[in-house]
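Let's take a walk through this protein together. Have the sequence and the 3D view ready, and follow along one piece at a time.

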Amino acid sequence: MTTPAISFEFFPPRTLEQSFRLWETARALAPLGPDFVSVTYGAGGTTRQLTHEAVTALAGHYGLNVAAHLTCVDATREETLQIVADYAAAGVHEVVALRGDAPQGQDRFTAHPEGFASSVALIEAIAARGDMTIRCGAYPEPHPDSSDTAADVAWLKRKVDAGASSAITQFFFDADTFFRFRDACAAAGVAAPIIPGILPIQSWAGTRRFAERCGTSVPQWAEEAFAAAGPEGEAALALDVCVKLCESLVAGGVDKLHFYTLNKPDLVQKVCAGLGIAPKAEFSRVA
């Protein structure tokens, strides 16, 4: 089996305890040689400053290629583009450009009166700088605000045409879900690489809740398997399910995988080991 390239997603810490967890996760996963790591925004842009701090720390002290999440939520165009400029000044030249979720207390995204109305508009503005690698989101199953997969494919093409050089998908449970989406994108003329987003199941209950919020369908086989495994067998089953999903993707021609780590390295490390991805060198922290 071909060994895929990998990347990781982290979220910015809100507490001292979470800070220690993020840095230990980065320290544990950096030796696997990720192409890049991304750092999320909180819902509604609530962690904008924390994201900036985490991005610059990971880039400056851990030697990682960092892609900073950037959204259209609750900010003017000027404020958003200033964030991009600040990243560039700090040596960070990759962003994951997203529309973003609605602020807390709102049911749907509403653009700031002086802000970007969509991810396409955001991508166009960042691309005009000429100094950023732009990644975007993709949805193998319909986005909660989308009518169907065809609409998501058409919107992804607009984002790529606007300047996104690759897309990272929402997580999914079955490889065929990704392959159907990939084929639909190819048929629509989407030329950029589409990287599968992989969510190792740290908690089955938590994963099911997350799937409901983001529109990921939960297959019956997964419900039955985790019910049968029970709390005692959940960890072993989660590892087996994730490794097999990744193996199926790689067998189908996928050469890059993006792992949603939830700032927990252990299961991600085990999945990578199961795929034959070994540490490339001893990790040494950059002072």
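A good place to start is strand β1, which covers residues 5-10. Of its 6 residues, 5 are buried, so β1 is largely enclosed by the rest of the structure. Keep in mind as you look around that this is a predicted model.

Who sits beside β1? On one hand there is strand β8 (residues 256-260), which pairs with β1 in the parallel sense over 5 bridges. To find the spot by eye, look for I6: it stands opposite L257 in β8. Then there is strand β2 (residues 37-39), which also pairs with β1 in the parallel sense, this time over 3 bridges. Here the residue to look for is E9, standing opposite S38 in β2. As for what holds such neighbours together, strands of a sheet pair through backbone hydrogen bonds, either parallel or antiparallel.

Now zoom out a little. What do the strands build when you follow the pairing from β1 through to β8? They make a closed barrel of 8 strands, in the order β1-β2-β3-β4-β5-β6-β7-β8, with parallel pairing. Neighbouring strands of this sheet don't line up exactly: on average they are turned by 30° against each other, direction ignored.

With the barrel in mind, zoom out once more to the whole protein. There are 9 helices and 8 strands. How compact is the protein for its length? Its radius of gyration is 18 Å, close to the 19 Å that the globule rule gives for 287 residues, so the protein is as compact as a globular protein of that length. The C-alpha trace spans about 50 × 50 × 40 Å along its principal axes. Of the 287 residues, 48% count as buried. The accessible surface comes to about 13100 Å², and carbon and sulfur atoms account for 51% of that. The chain also brings distant parts of its sequence together: take the contacts between residues at least 6 apart in sequence, and 81% of them join residues at least 24 apart.

Back to the barrel, and on to another stretch of its wall. Strand β3 (residues 66-71) pairs with β4 in the parallel sense over 5 bridges. One pair to pick out is H69 and its bridge partner in β4, V96. Like β1, strand β4 is mostly covered, with 4 of its 5 residues buried.

Just step into the loop between α3 (77-89) and β4 (94-98) and you'll meet V92. Is V92 buried or exposed? With a relative accessible area of 2%, V92 is buried. And which residues are in contact with V92, leaving aside its neighbours within four places in sequence? They are V55, A59, V66, Y87 and M132. V66 is a nice one to check on screen: V66 and V92 are 26 residues apart along the chain, yet their C-alpha atoms are separated by 6.6 Å.

Further along the barrel, strand β6 (residues 166-171) and strand β7 (residues 194-198) run parallel and are joined by 3 bridges. F171 stands opposite G197 in β7. Helix α6 (residues 175-187) lies across β5 (133-138), β6 and β7, and runs at about 160° to β7.

F171 turns up again when you look at T207, a residue in helix α7 (residues 204-214). Leaving aside neighbours within four places in sequence, T207 is in contact with F171, F173, L199, I201 and Q202. The relative accessibility of T207 is 4%; the cut-off for buried is under 20%, so T207 counts as buried. Its side chain also reaches the backbone oxygen of S203, at 2.8 Å.

Our last stop is the loop between β8 and α9 (265-274), where L262 is found. N263 has its place in that loop as well. What is the phi of each? L262 has a positive phi of about 55° although it is not a glycine, and N263, not a glycine either, has a positive phi of about 60°. Their cover is another matter: L262 counts as partly exposed at 38% relative accessibility, whereas N263 counts as buried at 0%. From here, β8 takes you back to β1, its parallel partner over 5 bridges, and so to the place where the walk began.

Notes. Residues numbered from 1 in each chain as written. Predicted model: local features only at pLDDT ≥ 70, side-chain atom pairs only at ≥ 80, totals over all residues. Heavy atoms only, no water. Pairing = 2+ DSSP bridges. Helix = DSSP H or I, 4+ residues; strand = E, 2+ residues; numbered from the N terminus. Axes fitted to C-alpha atoms, helices over the stretch in contact; angles between N-to-C directions. Contact = heavy atoms within 4.5 Å. Buried < 20%, exposed > 50% of the residue type's maximum accessible area, 1.4 Å probe, protein only. Polar contact = N/O pair within 3.5 Å; in protein donor to acceptor, adjacent residues only side chain to side chain. Rg over C-alpha atoms; globule rule 2.2 N^0.38 Å. Areas by Shrake-Rupley, 256 points an atom, 1.4 Å probe, with all protein chains shown as cover.
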